[in-house]
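Dear colleague,

I am handing over the structure we spoke about, and my notes on it follow below. Please read them with the structure open beside you.

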Amino acid sequence: MQQAIHQLLEQPGIWRANDSHAFAERQPGSHIPTGFSSLDAVLPGGGFPNAALTEVIHQHHGLGELRITMPALARMSRGGRWIALIAPPFVPYPPALAARGLDLSRVLVVHPSDHSQALWSVEQALRTGTCAAVLAWPKHCDDRSLRRLQLAAEAGNSLGMLFRGAEATRESSPAALRLHLAQTQQKRLGVRILKCRGASASTIELDTGANAATHEQKPLPLAL
Amino acid sequence: MLWLCLYFSQRNAQALEQVAAWAGQFTARVSPAPPDAVLLEIGASLRYFGGLEPLRGRIEASLQRLGTRQAALGIAPTPTAAWLLARSGDNTPVTARNQLSQRLAPLPITAVTTDPTSLAAIEGLGCRTVGDIRALPLDGLTRRVGSTLVQTLQRAYGERPDPRANWQAPHQHHAQYELAQETIHTEQLKPALYHLIEGLCGHLRSLNAGVMRIHFQLLHRQQPHTELTLGMLTPGHHPARIQALLDHRLEQVCLPSYVIALNIAADHFHDMQPQGGDLLDQISDEPALDAWQGLVENLDHRLGKDRVRGLATAAEHRPERAWHYQRPGQPNQSASHQGTTPPRPFWLLPQPTPLSSPAGRPNYHGPLIFEAGPERIESGWWDGGDISRDYYRALSPQGEQLWVFRERRKPRGWYLHGFFA
């Protein structure tokens, strides 16, 4: 019995809420630094969880939802795998992406014809293991499809990022990390952590400094 | 020299050519021996494939994937001896010439000829095996059974030259597979389609070529054929890669009727760089099939072309022309102006959206606050797409950072053109 439990706990898919540091330390490279030190400091493992789903929830466009991913994406685009953008709501503007150090030759933009094709594409991109990151803007996601995507991200060792509207905050989700973006009183970007594997704090507010980030943030060095 | 003979109890000439094309992946010297055998000179390939047994294992495995069950195999230093061994079902290899007489002697005489008159004549001499005939004096034997049979035996023993013409593989591939059982389920077509792919890939590898386009025809009894075309980004000749594409393609196929036979056709062969084996894993048969391109191919097949694209910048001042889509994975050719221009937004609207501007102040979820600007962009008078705009970076009351501009021409309207997401 005891042995069976130990075997169960060895599974990479199992995490224990009281064991955040062990979880993070056991898997080097399991987190991808966001490039914003204040954000890294509050995320267990110090970054976005790799091989897992992250949800970024925001009501409006233009709050900084892509800005918080850019340093990580720029670095990952130099690692030899794709960065896939699936069903983006607007044109991901190449001059802006290139200015942030993204290697455009590694960017894949996918415009599926409908919602089910979009979910299929996201799952496919996550599962094959040839995408370092998959950013997707699905119309809606039920619990079952989220679970499929979470498993696909684990299988393909990819960072899956879903950008969803504010109504998603009311739903439960198997994602490893859920961030909610909103403007703070000081007219800056506020990032609230709704859910995070291995961290109990659920209502941290922090300020990445929207303007500072846009002008001064440099891509991190290559070494992973 | 070491020859391997593949003997088929039932084959037609066209099928032999298909086997010869497939066999080219194992050796450069292939020679069909109509009506029922194909000969491969494998002596020169042994070193590359790591010895006789590994090579033979490969050939047998590939034969099985080819769907050829009834092939008998014989290995000997002369082509005719290999043929004799294959015909009599003796698949133990003979590797040295001095073993030949010992190994050929017990073979039944029916392996040499099936001609009834010759057989009757030999029976009349009291001979049942090859060894029995060899024991008889040569001139008398020639008189009784004819010179053809005697010469065949002399070639088998290596006493008479036995030249074999090298078969040249054509630079296109057509093959057919008749289904033993008609089916309407695509799942049940897969084994047969895989056999056809294996045959094509063997042919391609023998020429060090690849294909980018493969046509399949699924033949029905009455309805017109169902056509399937697979396209690849780069020339390929690895069965696994083509099979994966086919699997995706088959998911979308709805068969109108039962399928009775399958055709494969590839007309345009592309040269490929020979791939070196892996350093550690001597020859990688299913190598790093380029999974990186595989994803794009898979998405392409499922979603359709022009739904999977890459991005590039262009040396242009007009924001809507400073970029374009391109084929995925291509390097970004033009250096952007970004170093000198103010920051650009991550999201660009496909078309600028007009903003209402009560009291001269643009509105988006409330009145906007300007944070930076104006940046004047005036360009394009030479091609008719000229613009004259003042761009601002603005903040909405909801915290949205916007890229807006005002036309400098009348009626001097305000537009939203992007989000600093």
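In this predicted model, strand β6 of chain A (residues 107–110) pairs with β10(B) in the antiparallel sense, over two bridges. Within that pairing, V109(A) stands opposite R309(B), a residue of β10(B).

The wider interface brings 47 residues of chain B into contact with 50 residues of chain A. The area buried between the two chains comes to about 4,300 Å², and carbon and sulfur atoms give 68% of it. The rule finds zero salt bridges across this interface, whereas it finds 12 residue pairs in polar contact, counting pairs with both residues at pLDDT 80 or more. On the side of chain B that touches chain A, at least two residues each come from α12 (291–303), β10 (308–313), β11 (323–326), β12 (347–355), β13 (369–379) and β14 (387–395) of chain B, and α12(B) gives the most, with eight residues. The residues on that side of chain B divide into 27 nonpolar, 12 polar and eight charged.

I also looked at one residue of chain A, namely H58(A), which has its place in strand β3 (residues 52–58) of that chain. H58(A) counts as buried because its relative accessibility is 5%, where the cut-off for buried is under 20%. A polar atom of the H58(A) side chain lies 2.8 Å from the backbone oxygen of H60(A). Leaving aside neighbours within four places in sequence, H58(A) is in contact with L63(A), E65(A), F163(A), R164(A), G165(A), A166(A) and L181(A).

With best wishes

Notes: Residues are numbered from 1 along each chain as its sequence is written. Chains are lettered from A and ligands numbered from 1 in the order in which they are written. This is a predicted model: local features need pLDDT of at least 70, side-chain atom pairs count only at pLDDT 80 or more; totals for chains, interfaces and linings use all residues. Side-chain values use heavy atoms; hydrogens and water are left out. Contact means heavy atoms within 4.5 Å. Buried area is the accessible area (1.4 Å probe) that two parts lose on being put together, summed over both. A salt bridge is a side-chain nitrogen of Lys or Arg within 4 Å of a carboxyl oxygen of Asp or Glu. A polar contact is a pair of N or O atoms within 3.5 Å; within protein, one must be able to donate a hydrogen and the other to accept it, and residues adjacent in sequence count only if both atoms are side-chain atoms. Helices (H or I, at least four residues) and strands (E, at least two) are DSSP runs, numbered from the N terminus. Ala, Val, Leu, Ile, Met, Phe, Trp, Tyr, Cys and Pro count as nonpolar, Asp, Glu, Lys and Arg as charged, and the others, Gly among them, as polar. Two strands pair if DSSP finds at least two bridges between them. Buried means under 20% relative accessible area, exposed over 50%, partly exposed in between (1.4 Å probe, protein chains only).
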